[in-house]
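Please open the model in your viewer and keep the selection panel at hand. The tour goes from one selection to the next.

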Amino acid sequence: MSNRREIEREAEHVLRELSKHLEEIELEETYHVIDAESLRADSSPELRRGFREAALSIAPRRDGAHYVAEAGTWV
Amino acid sequence: MSRQALGEAEENLARRFEEIERRDREINSFIELNPHAQEEARRAEKLGGRLAGMTVAVKSNINVRGLRATCASKTLENYVAPYDAVVVERLRREGAVILGMTNMDEFACGSSGESSYFGPTENPSAKGRIPGGSSSGSAAAVAAGFADAALGSDTGGSIRNPASHCGVVGVKPTYGLVPRHGLIDLAMSLDQIGPIARDVRTAALLLEVIAGSSREASMLDVEPQPYSQRLSADLSGIKVGFAKEYEEVTSPEILGVVKRALRRLEAQGAELVEVELPNLEKALPTYYLIVFVEFFSATRRYDGRRYGYRIEEVCGEEVLRRIMLGSYISQKEYAGRYYRRALQFRSLIRRELLQALEEVDVLAGPTTPKLPHRLGERLTPLEMYAYDLLTVPANLAGIPAGVVPAGRVNGIPVGLQVQAKPLQEQVMLNVMLAAEGRA
């Protein structure tokens with residue numbers, strides 16, 4: 001674009017002018033506090049009971065208690 | 001809609017198309033017309049619904065399956081939407097007929113309707129003037145009588161600003177009330193889809209159809225409300241706030257129209273209360289610093305691989321300027337000088353607005369600080385951004401805001417802006433109804 005330099009110059013001016021207005025007031029830093037009461041520790045997984053049965057019940061192919069995702073063949 | 005009216009859906013559509021054919025070459029409000037509209041009108045007649053046969057124009061940044069969602073850009077010039085946005089699905093379900101895709105500022109980056117790749121839109125209500133933006137085509141199409149209603153999107157005033165300049169009604173709902181799934185974003189923490197119509201009743205009807213939670217979108221969990229059935233122009237017991245800071249930033253001729261509108265509300269039972277918004281002028285820089293960063297982030301998908309062109313190679317000046325600014329701020333943000341500071345101000349402005357709204361039911365005041373300029377007149381970027389001074393606070397705070405025609409200055413329409421607490425659209429619409437028709 002031929003006037004790219006001009007646009008850049010205008011952009012710098014815009015940023016200077018806009019940010020200047022936000023420098024006048026001293027603001028308090030605020031933090032979002034997360035309620036950690038129900039936080040799960042990484043070392044204590046929550047097991048979903050019945051998950052294995054549910055997954056197996058919809059498996060397209062199974063081998064006993066195992067879900068067959070891909071069956072290798074000799075080529 | 002009555003049985004008799006249902007039979008008129010196709011006629012209504014034919015009339016609209018005739019008008020578009022006759023006058024839109026001059027106004028340039030549509031980018032593309034829906035080739036299946038006739039079929040849809042026939043189906044709407046059979047199905048019925050709350051919007052049966054109503055013709056609705058859609059801003060070109062909202063997906064309508066089979067039509068181009070160009071965002072008025074060369075980047076997305078040939079992008080055909082593969083699905084309907086949730087709002088469009090809801091319109092169709094109630095029998096609305098999608099007329100076509102309307103013109104807008106490129107990627108919604110503008111307040112005048114002049115920056116479209118497909119050429120500027122003319123204001124049908126004030127010849128030779130800008131229609132406002134960025135939903136320029138949607139407001140112009142409704143004002144010109146091309147459509148019964150339209151959908152626009154509002155990030156910092158993009159529905160309300162053109163509604164005011166074109167003399168029609170526009171509503172920006174509470175953030176999260178209307179699903180954004182299918183809207184091509186400008187700044188996702190601020191964008192909202194909303195209706196534009198010739199009167200408050202139609203805008204209320206459209207809003208009740210498109211509002212409410214959706215499986216596809218992460219948003220407020222709210223049930224749709226029958227706004228149009230509960231409309232009432234009785235303002236007894238309603239407190240209307242006016243901030244004295246509005247007077248410092250608005251041109252006297254606009255203030256004159258707004259104050260006359262406020263006196264009419266008072267005559268209808270409302271109590272006028274003066275409120276304070278001491279940081280009103282900080283809203284504009286806060287808004288733009290946030291928009292630059294969010295827009296820059298949103299445009300990274302237009303890298304020339306999936307969507308035709310690389311955006312920086314084909315976009316207009318304002319889009320490029322915002323990309324440059326967003327990129328610069330993102331690089332320098334480690335010091336928290338711009339974006340983090342803007343977010344802090346956003347909280348301050350939201351708190352201030354909600355505090356003011358604790359004292360009153362609605363805030364009423366001007367929509368734009370100045371009248372629309374002449375088409376083609378060259379403004380600096382900061383002069384252009386100044387149009388948004390009074391509309392951006394509602395987006396920063398996530399509150400609903402609507403515009404209704406209040407009067408004219410030398411034949412140019414001026415809109416009254418009404419803002420309410422989050423999810424208090426009904427009170428806002430009631431005040432707008434009371435102000436309507438008495439301009």
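The stops below begin at the contact between two chains and end in a sheet region.

This is a predicted model, in which local features need pLDDT of at least 70 and side-chain atom pairs count only at pLDDT 80 or more, while totals for chains, interfaces and linings use all residues. Residues are numbered from 1 along each chain as its sequence is written, chains are lettered from A and ligands numbered from 1 in the order in which they are written, and side-chain values use heavy atoms, with hydrogens and water left out.

Select chains A and B: their contact (heavy atoms within 4.5 Å) takes 22 residues from chain A and 27 residues from chain B. The buried area (accessible area, 1.4 Å probe, that two parts lose on being put together, summed over both) is about 2300 Å², with 71% given by carbon and sulfur atoms. Now pick Met324(B), Arg341(B) and Leu382(B), which lose the most area to chain A within chain B and together make up 24% of what that side buries.

Next, show Glu10(A) and Arg321(B), whose side chains meet in a salt bridge at 2.7 Å, N to O; the term requires a side-chain nitrogen of Lys or Arg within 4 Å of a carboxyl oxygen of Asp or Glu. Between the two chains the count is 2 salt bridges.

Finally, select strand β5 (residues 169–172) of chain B, strands being DSSP runs (E, at least two residues) numbered from the N terminus. Strand β5(B) runs antiparallel to β6 (residues 192–197) of chain B, joined by 2 bridges, and Val169(B) stands opposite Ala197(B) there.

Definitions and conventions. Pairing = 2+ DSSP bridges. Helix = DSSP H or I, 4+ residues; strand = E, 2+ residues; numbered from the N terminus.
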